[in-house]
Amino acid sequence: SPLPRIPRWLLYFIFGLIGNEIVNAKETQHEPRALGRTPPMGWMSWERFRCNINCTELPNDCINANLYTEMATRLAQDGYLDAGYNTVHIDDCWMTKSRDKVTVEMVPDPERFPDGIQALADDIHSKGIRIGLYTDIGTHTCAGYAGSQGYETIDANAYAKWGIDYLKVDGCYANESVYESGYPKLGRALQQSGREITYSCSWPAYLGNDESTKPFDRMIDAGCNLWRNWHDIENNWKSVSEIINYFGKFSQVLSTVAGPGHWNDMDMIMAGNDHTSTDGKPVLTLEQAKIQLSIWSIMASPLIISNDLRTVPQDYRAILLNKDMISVNQDPLGQAGKRVGKRKEDGLEIWARALSENKMAVVLYNPNSVGVIDVAIDLLLLSDVILGLSIWENTAMLQVKDVWTGQYMVLDGRAALHKEIAQTSCSFLIVNAVTSTDSFQEEII
């Protein structure tokens, strides 16, 4: 028999719309920035390849020019570039541990990058792909290589000369006073370098575990187009689920500071990553990878993959290239979503995001390792909270598309949506109000 429809007043309590989940955060007003109008997308070496510099024993897995050339080729030829993944990111360990004695610029490792970074950038650009580089705001990078403290202008000018399009700036070997002065100084230097370089700051990741106290205003003023908020991701479900829970806890605050030109970065995408795998297969299950992509898209977090693009299984590649998932992540409205509730009785989490054209994206997430959750959700109520009170008030019908199956359903606007969410899985939906069946897609269930 069908589940009973839950009244709206009760759903306010179930979804946590009244209670501790809501934080009355004042939205920060800033002019949109020219760079990073939507969350960046691309591929990054760090989580999969780390700081492997042993090119003799591991020639296919070491940090060198060949690795980044091959990954750029895979982006271009395997559909990633067409889907929006348009940048190859070089992470830590590309440089030597000392600077050039004459120019004082950073020096690419001469054995692993024999032609330098500029030649590599030219090659990657020739494939229609942007290139990202890494440095640290402190005296050294996290792996102990040369940092940018005291050399901000020199480094910014060198990166511009080399053709760098994106710069990730870590925060090791520094303290809060260095963050307060160094990130703005490097931001100004990048803006004055003569080249548009997307600026990724790790500033808030080094300021503890309370997002409501972090100075996002100053980060935006410093020119940061995105920032890493919290702990580094690792290629296992425990790490991914902890990040989801942390961002859910602070999503009410974080949704007010994100927007075109300044995004919260939940860290790299693990789908298809076989790092630390014992059998050569991806560590995250396909359902776990779908959860990560779903929540990252609701939060408008960058989609920066870290895996070996040469060996990604087809089913994982398919979800990375899913057009509906990407459309939610890249929605031009630029309004980050949030966790609107977490039910005490069964742990079900409801995440939602406003989209352009008065659409809404919803994720129903079951974080439990056992047990199926039955849910009846009032989408009109959810639209009141996410889109604005009464936007869909006179709606007769709703069109609901399942992002991962591609299937549509038609729902009476006054009825509840019923779903069964299996353990450690989610349902990712795009909801649109329609006025007649003429507006429905052809594929209807």
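**Helix packing and sheet architecture in the predicted model**

The crossing of helices H3 and H5 is right-handed in this structure, which is a predicted model. The residues that make the contact are Ala-65, Tyr-68, Thr-69 and Ala-72 on the side of H3, and Leu-120, Asp-123 and Ile-124 on the side of H5. Sorted by class, this contact of H3 with H5 comprises 5 nonpolar residues, 1 polar residue and 1 charged residue. Two packed helices are described by the angle between their axes and by the distance between those axes. For H3 and helix H5, which spans residues 116-126, the angle is about 10° and the axes lie 10 Å apart. Because angles under 35 degrees count as roughly parallel, H3 is roughly parallel to H5.

Across the protein as a whole, the secondary structure amounts to 14 helices and 16 strands. Of the 445 residues, 58% are buried, and among the contacts between residues at least 6 apart in sequence, 73% join residues that are at least 24 apart.

Of the strands, 8 form an open sheet with parallel pairing, in the order S7-S6-S5-S4-S3-S2-S1-S8. Its edges are formed by strand S7, residues 263-265, and strand S8, residues 303-305, each of which pairs on one side only. From one strand to the next, the twist averages 25°. Helix H3, residues 65-77, packs on this sheet, where it touches strand S1 (41-44) and strand S2 (87-89), and the direction of H3 makes about 155° with that of S2. Towards the S7 edge, strand S6, residues 226-228, runs parallel to S7 and is joined to it by 3 bridges, with Leu-226 standing opposite Trp-263 in S7.

An antiparallel pairing is found between strand S12 and strand S15, residues 417-421, which are joined by 5 bridges. Within this pair, Ala-376 has His-418 in S15 as its bridge partner. Strand S12, residues 373-377, is mostly covered, with 4 of its 5 residues buried.

Helix H6, residues 152-162, has as its buried residues Glu-152, Asp-155, Ala-156, Ala-158, Tyr-159, Ala-160 and Trp-162. These buried residues of H6 pack against two helices and two strands, namely H5, helix H7 (176-191), strand S3 (130-136) and strand S4 (166-170). Following H6 in the chain is Gly-163, for which phi is positive, near 90°.

A further position of interest is Ile-90, which lies in the loop between S2 and H5. Ile-90 has a relative accessibility of 1% and therefore counts as buried, the cut-off for this class being under 20% relative accessible area. When its neighbours within four places in sequence are left aside, Ile-90 is in contact with Ser-45, Tyr-68, Ile-117, Leu-120, Ile-131, Gly-132, Leu-133 and Tyr-134. Two of these partners, Tyr-68 and Leu-120, also take part in the contact between H3 and H5. The C-alpha atom of Ile-90 is separated by 9.2 Å from that of Leu-167, although the two residues are 77 residues apart along the chain.

Note on methods. Residues numbered from 1 in each chain as written. Predicted model: local features only at pLDDT ≥ 70, side-chain atom pairs only at ≥ 80, totals over all residues. Heavy atoms only, no water. Pairing = 2+ DSSP bridges. Axes fitted to C-alpha atoms, helices over the stretch in contact; angles between N-to-C directions. Contact = heavy atoms within 4.5 Å. Parallel < 35°, antiparallel > 145°, perpendicular 65-115°, else oblique. Left-handed = near helix turned anticlockwise from the far one by under 90°. Nonpolar A, V, L, I, M, F, W, Y, C, P; charged D, E, K, R; others polar. Buried < 20%, exposed > 50% of the residue type's maximum accessible area, 1.4 Å probe, protein only.
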